[in-house]
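Please load the model into your viewer and keep the sequence beside it. The tour below proposes one selection after another and says what each holds.

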Protein chains: 2
Amino acid sequence: MDSFGQDSEISKATVARLPAYLRFLKEVASRGSWYVSSAAIAEALGVSAVGVRKDLAFVSSQAGKPKRGFEVNTLISDIEKFLGYDERTAVVVVGAGRLGKAILLYEGFEHFRIDVVAAFDISPEKIGAVGGKPIYPLERLGEIVRRHSVKAGILTVPRESAQRACDAMVEAGIRAILNFAPASLTVPEGVSVRYEDLAASLAMLFGSVPDKNQG
Amino acid sequence: MDSFGQDSEISKATVARLPAYLRFLKEVASRGSWYVSSAAIAEALGVSAVGVRKDLAFVSSQAGKPKRGFEVNTLISDIEKFLGYDERTAVVVVGAGRLGKAILLYEGFEHFRIDVVAAFDISPEKIGAVGGKPIYPLERLGEIVRRHSVKAGILTVPRESAQRACDAMVEAGIRAILNFAPASLTVPEGVSVRYEDLAASLAMLFGSVPDKNQG
DNA sequence: GCTGTATTGATAAATTTTTATCAATTCAAT
DNA sequence: ATTGAATTGATAAAAATTTATCAATACAGC
């Protein structure tokens, strides 16, 4: 099917745009609007209105009303549900350097029902706590991951130790890794890695690739 | 043209994969290999070998050799050149909270010839310096941006002040913004925004979207 | 020097994704 | 109630992207 129904599988491109929709819709909601048109969303995000309608049809059964558009709050909750923001997710941080500590202190996660349960580091002087979150030695990773059923981890170690830390995470049972180290990681089948490369992100901003819509 | 020559315009999708190639190629180089095959790259990154060859043909004029593959170091320098890593880029950080400070201390940028020239904050008690980088009051943004010909900025203020800070950056002459605030920004034509939404990134990791290849 | 094989680069096909068009619908205004 | 305008959802067309196939090539081993 290639219509607005959600018959076919949702596309990766659509999923990648959902967080942008969500951000914008919350902005709209906070300004007090009850309805929003696909054209308004498209305008703000720099994409086409038809594309917006198709994307929304995938994740929401709400039919838009002619002359009004879509109910903002319904869209928000449908997207959040689709993205899994309606369930709590436990994550760990591996690497308690500057960036790792910043993440421990980041308040933004609570908003998305993400619990950072602990951080881990290899060097003894980092052990302790930051922002009320404990920092354990790396040896305890498996124990904590099992205890909290952690499925995802944020990797913030230096480049040199990235693969070793990654291996430890996989070994501990983590299935999804958000990697801030500028290193290429090798993982077994079934483990996902997402790279957050600040320098690369910056570089791509200039490459005349103005994509306001990625996640 | 739809062949391996670089006649047609490079695709956005290809550009998005280049940083991943670069990471992997550096990994390969550091292991001492002189040649690498498209199949090896494809395997490591979870994409198709034909796609890898097409992508590489866009940014490198190097012909791969049958039975050997591509010269790793040539590929690296070609990709770096294409992505602009061979020229220095000055950036500023707006928002000197935990994350902003972590970015000031991040060493990874030097590797990509990115100079973080200064940070800015609205609250007087943040003024000073971190990691040898000055933190100025926001009022001086325009002055510093002009003096260093800064074209890009990293936004690390809280959600509530994101749009205001963004406006100040645009006003100061910044044309590309890497936004860490979980807020939807409105910018004039010609200004690019890239969103780095930690929570969204984490959420997408679970959505059975194992894309190891994005930037 | 031959032979076999891995690997490339091209062409072509298939698939996915985006964009265009338009009748149908609902609200607002008269 | 009727009219007009905005907006949707569907279908169709176009464009972009990925995947498949294969002859040509250069190296490795004999």
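Begin by selecting chain A, where buried residues make up 53% of the 215 residues (buried means under 20% relative accessible area, exposed over 50% and partly exposed in between, with a 1.4 Å probe and protein chains only). This is a predicted model, in which local features need pLDDT of at least 70 and side-chain atom pairs count only at pLDDT 80 or more, while totals for chains, interfaces and linings use all residues. Residues are numbered from 1 along each chain as its sequence is written, chains are lettered from A and ligands numbered from 1 in the order in which they are written, and side-chain values use heavy atoms, with hydrogens and water left out.

**Chain A as a whole**

With chain A still selected, colour by secondary structure: the chain has 9 helices and 9 strands (DSSP runs numbered from the N terminus, helices being H or I with at least four residues and strands E with at least two). Taken along the principal axes, the C-alpha atoms of this chain fill a box of roughly 65 × 35 × 35 Å. Of the contacts in chain A with a separation of 6 or more, 57% are between residues 24 or more positions apart, a contact being heavy atoms within 4.5 Å.

Next, select residues 2-83 and 89-201 of chain A as two groups, which are domain 1 and domain 2 respectively; the bounds come from an automatic or database domain assignment. The centres of these two domains of chain A, taken over C-alpha atoms, are separated by 32 Å.

**Salt bridges within chain A**

Now show the charged side chains, for a search of the whole structure finds 14 salt bridges over all chains (each a side-chain nitrogen of Lys or Arg within 4 Å of a carboxyl oxygen of Asp or Glu). Select Glu80(A) and Lys26(A), which form a salt bridge whose closest N and O atoms are 3.0 Å apart. Because Glu80(A) lies in helix H4 (residues 72-83) of chain A and Lys26(A) in helix H1 (residues 12-30) of chain A, the pair ties together parts that are 54 residues apart in sequence. Glu80(A) counts as buried at 18% relative accessibility, and Lys26(A) counts as buried at 14%.

Then add Arg140(A), Glu143(A) and Arg147(A), which are linked in a network of salt bridges.

**Inside chain B**

Move to chain B and select Arg140(B) and Glu143(B), whose side chains meet in a salt bridge of 2.8 Å, N to O. Arg140(B) is partly exposed, with a relative accessible area of 30%, and Glu143(B) counts as partly exposed at 31%.

Extend the selection to helix H7 (residues 141-148) of chain B, whose buried residues are Leu141(B), Gly142(B), Ile144(B) and Val145(B). Against what do the buried residues of H7(B) pack? They pack against E3, strand E4 (114-121), strand E6 (133-137) and helix H8 (162-172) of chain B. At the residue that follows H7(B), Ser149(B), check the backbone, since phi there is positive, near 50°.

Another selection in chain B is the pair Asp115(B) and Arg88(B), a salt bridge with the closest N and O atoms 2.7 Å apart. Asp115(B) lies in strand E4 of chain B and Arg88(B) in the loop between helix H4 (72-83) and E3 of chain B, so the pair ties together parts that are 27 residues apart in sequence. Asp115(B) is partly exposed, with a relative accessible area of 25%, and Arg88(B) counts as partly exposed at 45% relative accessibility.

**The interface**

Finally, show both chains and select the residues between them: 55 residues of chain B are in contact with 54 residues of chain A. The two chains bury about 5600 Å² between them, 68% of it on carbon and sulfur atoms, where buried area is the accessible area (1.4 Å probe) that two parts lose on being put together, summed over both.

How many salt bridges does the rule find across the interface of chain B and chain A? The rule finds 2 salt bridges there, one of which joins the side chains of Asp197(A) and Arg23(B) at 3.3 Å, N to O. The elements that give two or more residues to the side of chain B that touches chain A include helix H1 (12-30), strand E3 (89-94) and helix H9 (198-206) of chain B. The largest share of that side, 9 residues, comes from H9(B), and its residues divide into 36 nonpolar, 7 polar and 12 charged (Ala, Val, Leu, Ile, Met, Phe, Trp, Tyr, Cys and Pro count as nonpolar, Asp, Glu, Lys and Arg as charged, and the others, Gly among them, as polar).

End on Arg23(B), which has its place in helix H1 of chain B and counts as buried at 6% relative accessibility.
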